[in-house]
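User: Please take me through one part of this model closely, the surroundings of the ligand, and then follow the helices outward from there. Keep it informal, and spell out any cut-offs as you go.

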Amino acid sequence: MRAVARPPEDRGVALVTGATSGIGRALATELARRGHDVLVVADRDVDVTVRALEAHGGTHTGLTADLATPRGVAATARRARELGASTLVLNAGVGVHGAFARTPLEDQLRLIDLNVRSVAHLTHLLLPDLLAEGRGRILVTASVAGEMPAPHFATYAASKAFLRSFAWSLRGELAGTGVTVTALLPGPTRTPFFREAGMERTHVGRLPKPSAARTARRAVDALTLGRPEVVTGVQGAAMVAVARVLPQPARAAFHGWFYAPVPPSLAVPRTSSSPLR
Ligand SMILES: NC(=O)c1ccc[n+]([C@@H]2O[C@H](COP(=O)([O-])OP(=O)(O)OC[C@H]3O[C@@H](n4cnc5c(N)ncnc54)[C@H](OP(=O)(O)O)[C@@H]3O)[C@@H](O)[C@H]2O)c1
């Protein structure tokens, strides 16, 4: 079995938002494996995940909350404070795919409420407790998609650019406090995200992708060690490298290709396993 990095001090309770699926579920599993008790938050089916985490030992708790609403955020913060959560994994997020003018405004604003507003709101509510304790770990799930403008995925890419900047800024403010902030920039990862966002027929939707478990192991290593940032996956690293050298118009064109529909003549059957796993 692979050796895992363990937190140097008390492992404590970890809040994980969006913990019932994909990367969030894998992060929750990895944290449970390393001895954390996990507070699982999502807008449905939390008990299934809580029961699955019990296989790793520990005492795990579920909370059903819609984090796209201030009420859901407040309920989550209340429960996290009751449990004394010292690790915050702010991961829940959605994508809205399509031309901005042709997708419902309500969906775009809900994306901003969840991906952006809930992270700022939760952090503002929970950070004072971490500072009072003089210790804490925060992981913010941004994305390599935030590194470039993204035609047909505009609000999503912008939300992830916000999160990366927010994580780095907060980290700077918190230097010396005992609280660290880590930005997670996953490359394309095999989860239900692309199906949920209606992106299965796009170039990015059809790419082979590494597993969420692999992304989570790298992320929890970085979180535990208090690193500033972790980029996961070969495609993720390539996208960041390309973003650093291209001028902005070329970045938008390059990145837009990922979210464009695959012409039916080029579509090849998807495989269920990935060489990147
Ligand atoms: N997959 C990728 O390639 C990729 C790459 C870069 C970054 N990311 C980011 O990674 C994070 C997780 O994505 P994923 O790929 O794991 O997607 P996913 O499998 O669709 O998981 C999303 C999670 O967020 C929860 N969620 C959605 N809306 C919510 C709401 N209003 N309130 C509370 N919870 C809500 C979902 O719960 P329900 O199912 O109950 O709604 C689910 O647990 C997101 O922030 C995403 O932007 C993903």
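Analyst:
**Around the ligand**

The shell around the ligand has 28 residues, and G18, G22, G93, T191 and F193 come nearest. A residue is in that shell when its C-beta atom, placed from the backbone, lies within 6 Å of the molecule. Two elements give two or more residues to the shell: helix 1 (22–33) and helix 6 (193–196). Bear in mind that this is a predicted model, where local features need pLDDT of at least 70 and side-chain atom pairs count only at pLDDT 80 or more, while totals for chains, interfaces and linings use all residues. Numbering starts from 1 along each chain as its sequence is written.

Helices here are DSSP runs (H or I, at least four residues), as are strands (E, at least two), numbered from the N terminus. Helix 1 gives the most to the shell, with three residues. By class, the shell holds 12 nonpolar, 11 polar and five charged residues. For that split, Ala, Val, Leu, Ile, Met, Phe, Trp, Tyr, Cys and Pro count as nonpolar, Asp, Glu, Lys and Arg as charged, and the others, Gly among them, as polar.

Now follow helix 1 away from the ligand. Its axis comes within 8 Å of that of helix 8 (residues 212–225), and the two cross at roughly 55°. Axes are lines fitted to C-alpha atoms, for helices over the stretch in contact, with angles running from 0 to 180 degrees between N-to-C directions. Helix 1 and helix 8 are therefore oblique to each other; under 35 degrees would be roughly parallel, over 145 roughly antiparallel, 65 to 115 roughly perpendicular, and the rest is oblique. Their crossing is right-handed, meaning that the near helix is turned clockwise from the far one by less than a right angle (anticlockwise would be left-handed). G22, one of the residues nearest the ligand, is also on the helix 1 side of this contact, where G22, I23, A26, L27, T29, E30 and L31 meet A212, A213, T215, A216, R217, A219 and V220 of helix 8. Contact means C-beta atoms, placed from the backbone, within 7 Å. This contact has nine nonpolar, three polar and two charged residues.

Elsewhere, helix 4 (residues 105–133) packs with helix 3 (residues 70–83) at about 25°, axes 10 Å apart. That makes the pair roughly parallel. Helix 4 also packs with helix 5 (residues 154–173), at about 5° with axes 10 Å apart. Among the helix 4 residues that meet helix 5 are Q108, L111 and N115, and that contact has nine nonpolar, four polar and no charged residues.

As for annotation, UniProt's unreviewed entry puts "domain: Ketoreductase" at residues 12–189; such positions use the numbering here, feature names are shortened, and annotations may be inferred rather than shown by experiment. That span is 47% helix and 19% strand, with its end C-alpha atoms 28 Å apart.

Definitions and conventions:
Two residues are in contact if their C-beta atoms, placed from the backbone, lie within 7 Å.
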